[in-house]
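Below is a short report on a protein chain. It moves from an enclosed helix to the cores, then to the surface.

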Amino acid sequence: MKQVVCRQHALDPTVALAVVEAEAPACPPEGVVVEVRCRPVNPADVLLMTGRHLYKPTLPEPVGVEGAGVVVQAGARSARRVGEWVAIPWGGTWRERMALLDDAVLPLPDGVDPEQASMLSVNPFTAAGLLEGVAPGASLALNAGTSAVSALVLALCRTRGVDAVAIVRDGGAVEKVLARGAAAVVVDGPELPARLRAAARGPLTRGLDAVAGAASGQLFEALAEGGTLVTYGLLAGDEVRLPAAELVFRDVTVRGFSRLRWLRALTPQRRAALTAELVGLVERGVLTSAVEARYPLAEAVAAVAHHERRGRSGKILLTS
């Protein structure tokens with residue numbers, strides 16, 4: 001079977017990849033073999049290829065942090081059934097078939113959209129995790145307002161009654177981001193913390209930082225006393241820069257968010273309940289991700305090159 005691996009770390013992620021032939025997996029007694037039908041290209045995949053991910057694998061390393069497919073074999077002690085659709089939240093999905101234990105897949109309802117299902121495990125679960133503990137009526141701020149994760153966060157904020165102030169780099173994106181569910185949109189620039197506070201309907205109790213670098217400090221300064229800055233992305237670099245005096249004299253918590261760490265800490269029951277909630281929102285069209293292009297698995301290098309283009313407006317998928 002075909003499998004995509006990261007063979008080396010390179011500044012250009014397309015140089016890092018190779019499509020190789022691998023042995024078909026054996027079915028575990030308490031698990032399944034899944035024929036993977038769809039897989040998105042995610043920023044986390046690029047971090048692995050460029051060597052910027054905290055996880056440092058032994059190369060060559062299988063690529064792919066999520067996907068969806070059909071169960072084609074079920075072990076003797078598996079609770080899954082052949083023909084069932086499942087989402088795969090980890091484990092090198094850029095291959096034709098995978099062997100997984102039952103508790104490593106997310107069962108999906110019949111009739112689910114395969115493309116949206118393949119994108120369920122990273123961005124929707126990330127959005128849900130970033131909002132954990134945010135009460136209805138609260139106000140938060142987020143940067144990278146036009147990103148795919150931000151779109152899902154804003155949609156969840158709308159359904160949960162949370163006011164979100166989004167930061168965008170281009171004034172032409174304001175109306176689009178308001179339509180996604182933002183209570184207000186602020187264009188990046190001078191005096192950003194003050195303008196964020198002025199745009200919010202209440203004290204900003206959480207900042208969601210996908211950018212890092214100096215952008216982290218901008219969100220930090222905008223937060224109210226007792227607020228929390230959550231950094232979950234590295235779009236601007238590998239460092240988080242905070243104003244030292246603000247950090248010392250103000251009561252603002254700073255922490256990171258890892259989807260995998262959070263997801264693995266959930267009980268199977270909580271994971272199943274969240275999956276059902278998020279799938280329901282996907283089916284209702286509340287949590288959907290735009291798709292810009294589809295490539296066969298064998299053209300993974302071209303797919304990653306497309307992902308890295310400036311101005312991309314949707315996800316890039318690798319299909320079977």
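How many of the eight residues of helix 2 (residues 43-50) are buried? Six of the eight are, so helix 2 is largely enclosed by the rest of the structure. Buried means under 20% relative accessible area, exposed means over 50%, and partly exposed lies in between, with a 1.4 Å probe and protein chains only. Helices (H or I, at least four residues) and strands (E, at least two) are DSSP runs, numbered from the N terminus.

This is a predicted model, in which local features need pLDDT of at least 70, side-chain atom pairs count only at pLDDT 80 or more, and totals for chains, interfaces and linings use all residues. Residues are numbered from 1 along each chain as its sequence is written, and side-chain values use heavy atoms, with hydrogens and water left out.

**Helix 2 and its surroundings**

The buried residues of helix 2 are Asp45, Val46, Leu47, Leu48, Met49 and Thr50. Their cover includes strand 1 (2-6), helix 1 (13-16), strand 2 (17-21), strand 3, strand 4 (61-62) and helix 12 (300-307). Gly51 follows just after helix 2 and takes a positive phi of about 80 degrees.

On the other side, the loop between strand 3 and helix 2 holds Val41. Val41 is buried, at a relative accessible area of 0%. Contact means heavy atoms within 4.5 Å. Leaving aside neighbours within four places in sequence, Val41 contacts Trp94, Ala303, Val304, His307, Lys315 and Ile316. Lys176 is 135 residues from Val41 along the chain, and their C-alpha atoms are separated by 23 Å.

**The chain as a whole**

The protein chain has twelve helices and 16 strands. Its C-alpha atoms fill a box of roughly 60 × 40 × 35 Å along the principal axes. The radius of gyration, taken over C-alpha atoms, is compared with a globule rule of 2.2 Å times the number of residues to the power 0.38. For 320 residues, a compact globule would have a value near 20 Å; the protein chain has 20 Å, which agrees.

Of the 320 residues, 51% count as buried. Among contacts with a separation of 6 or more, 65% join residues 24 or more positions apart. Accessible areas come from the Shrake-Rupley method with a 1.4 Å probe; for residues, only the protein chains shown count as cover. The protein chain exposes about 14100 Å², and carbon and sulfur atoms supply 53% of it.

**Nonpolar cores**

In soluble globular proteins, nonpolar side chains tend to be buried together. A nonpolar core is a set of buried Ala, Val, Leu, Ile, Met, Phe, Trp, Tyr and Cys residues joined through side-chain atoms within 4.5 Å. The largest one has 61 residues, of which Leu140, Val153 and Leu208 touch the most other members. Helix 5 (residues 148-160) gives the most to this core, with seven residues. Not counting residues up to four places away in sequence, Val153 touches Ala127, Leu130, Leu131, Leu142 and Leu208. Another core lies apart from the largest one; it has 16 residues, including Leu17, Val63, Ile316 and Leu318.

**Salt bridges**

A salt bridge is a side-chain nitrogen of Lys or Arg within 4 Å of a carboxyl oxygen of Asp or Glu. The count comes to twelve. Three of the pairs are listed here.

| Pair | N to O distance |
|---|---|
| Arg97 and Glu35 | 3.5 Å |
| Arg80 and Glu84 | 2.9 Å |
| Arg294 and Glu115 | 2.5 Å |

Arg294 lies in strand 15 (residues 291-296) and Glu115 in helix 3 (residues 114-118), so this pair ties together parts that are 179 residues apart in sequence. Arg294 is partly exposed, at 46% relative accessibility.

Arg97 and Glu35 form a salt bridge. Arg97 sits in strand 7 (residues 97-101) and Glu35 in strand 3 (residues 31-40), 62 residues apart. Arg97 is partly exposed at 29%, and Glu35 is partly exposed at 23%. Glu35, Arg37 and Arg97 are linked in a network of salt bridges.

Is Glu84 buried or exposed? Glu84 counts as buried, at 6% relative accessibility. Its partner Arg80 counts as partly exposed, at 22%.

**A nonpolar surface patch**

Patches are made of residues with over 30% relative accessible area and no salt bridge; like charges are joined within 9 Å, nonpolar side chains (Val, Leu, Ile, Met, Phe, Trp, Tyr) within 5 Å. Leu247, Val248, Phe249 and Val254 form a nonpolar one, with about 420 Å² of accessible area together. Helix 9 (residues 244-249) gives the most, with three residues. Val254 lies in strand 14 (residues 253-256) and is partly exposed, at 34%.
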